[in-house]
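Colleague: I would like to go through this model and ask what stands behind each label. Please set the values against the definitions as we go.

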Amino acid sequence: MSKVLVLKSSILAQASQSSKMADYFTGEWLSHNPDSQVTERDLAGTPVPVLDSELFDALRQNSTELSERQKAALALSEEMISELKTHDVIVITAPMYNFAIPTQLKNYFDLVARAGMTFQYTEKGAQGLLKGKRAIVLISHGGIYKGGPRDTIPSYLSVFLEFIGITDVEFIHAEGLSLGEESAKQAHLNANKLMDDIIQEMIQTLPEENAA
Ligand SMILES: Cc1cc2nc3c(=O)[nH]c(=O)nc-3n(C[C@H](O)[C@H](O)[C@H](O)COP(=O)(O)O)c2cc1C
């Protein structure tokens, strides 16, 4: 049975369009697999601290005596890595803010990118350690950029996820969300259709006794 981890990162709370996409995905997935485990982490609601030199020292285990702040960040980093390892489908919402992912999502990446835990250096270069996972990235933005130079999120996230070992990555865009009601409605319909296709594919690969 696939265990799904949903990472939400919008700062717009109830008005979030990317969270709406994630909720559609989990709603549809659970309607087919009511017993499936879905874990949600809201990175804007409960923010991950910004990586600075004090926290980086703790993550590299350079400090012998840890401050309370270092201890808390280390514990959170380990909790989040363990969570990543125990889920096989990772749904990441990636709303575009100023042509980049939200700071809150970047802060999460900074705490889960740990040598020896999610990647390792070898003679052939860095090697990702998270294996057998599938990531589905839900991108929302106001303009229409897919495939062009402003479509910055897929290239960055492909590189980062591959670095930690996740190479099976799909990107679903809901774009043109600031171009009027009809554009936004159509964007969600298109994104929902793509999510439906992925869910059907996920259901087909489930062992028979788990399929609803
Ligand atoms: C601070 C901020 C910056 C934004 N920057 C961009 C941008 O660079 N390009 C764009 O197309 N839309 C931009 N938008 C629009 C958002 O991408 C759009 O509102 C989208 O729905 C955000 O996803 P969310 O609703 O899940 O937060 C921005 C919105 C905010 C609040």
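Modeller: A backbone N or O atom of Met-96 lies 2.7 Å from an oxygen atom of the ligand. This is a predicted model, in which local features need pLDDT of at least 70 and side-chain atom pairs count only at pLDDT 80 or more, while totals for chains, interfaces and linings use all residues. Residues are numbered from 1 along each chain as its sequence is written, and side-chain values use heavy atoms, with hydrogens and water left out.

Colleague: Why is the Met-96 pair called a polar contact?

Modeller: A polar contact is a pair of N or O atoms within 3.5 Å; within protein, one must be able to donate a hydrogen and the other to accept it, and residues adjacent in sequence count only if both atoms are side-chain atoms. The Met-96 pair, at 2.7 Å, therefore qualifies. So does the pair at 2.6 Å between a polar side-chain atom of Ser-10 and an oxygen atom of the ligand. Asn-98 contributes a polar backbone atom 2.8 Å from a nitrogen atom of the ligand.

Colleague: How much of the ligand does the protein bury?

Modeller: The protein buries 78% of the 620 Å² that the ligand exposes when taken alone. Accessible areas come from the Shrake-Rupley method with a 1.4 Å probe; for residues, only the protein chains shown count as cover.

Colleague: What makes a residue part of the shell around the ligand, and how is the shell composed by class?

Modeller: One of its heavy atoms must lie within 4 Å of the ligand. There are 16 such residues, and Ser-10, Ser-16, Ser-18, Tyr-97 and Tyr-145 come nearest. The shell has 7 nonpolar, 9 polar and no charged residues. Here Ala, Val, Leu, Ile, Met, Phe, Trp, Tyr, Cys and Pro count as nonpolar, Asp, Glu, Lys and Arg as charged, and the others, Gly among them, as polar.

Colleague: Which residues does UniProt list for "binding site"?

Modeller: The unreviewed UniProt entry lists several residues, including Ser-10, Met-96, Asn-98 and His-141. Such annotations may be inferred rather than shown by experiment.

Colleague: Why is Ser-10 called buried?

Modeller: Buried means under 20% relative accessible area, exposed over 50%, and partly exposed in between (1.4 Å probe, protein chains only). Ser-10 has 8% relative accessibility, so the label is buried. Ser-10 sits in the loop between β1 (4–8) and α1 (17–32), where helices (H or I, at least four residues) and strands (E, at least two) are DSSP runs, numbered from the N terminus. The side chain of Ser-10 also reaches the backbone nitrogen of Leu-12 at 2.9 Å.

Colleague: Is His-141 buried or exposed?

Modeller: His-141 has a relative accessible area of 3% and is therefore buried. The loop between β6 (134–140) and α5 (152–163) holds His-141.

Colleague: What makes Lys-133 buried, and which backbone oxygens lie by its side chain?

Modeller: The relative accessibility of Lys-133 is 10%, so Lys-133 counts as buried. A polar atom of its side chain lies 3.0 Å from the backbone oxygen of Lys-85, and one lies 2.8 Å from the backbone oxygen of His-87. Lys-133 is in the loop between β5 (125–128) and β6.

Colleague: How do you know that Lys-133 touches Ile-166?

Modeller: Contact means heavy atoms within 4.5 Å. Not counting residues up to four places away in sequence, Lys-133 touches several residues, among them Ile-166 and Asp-168.
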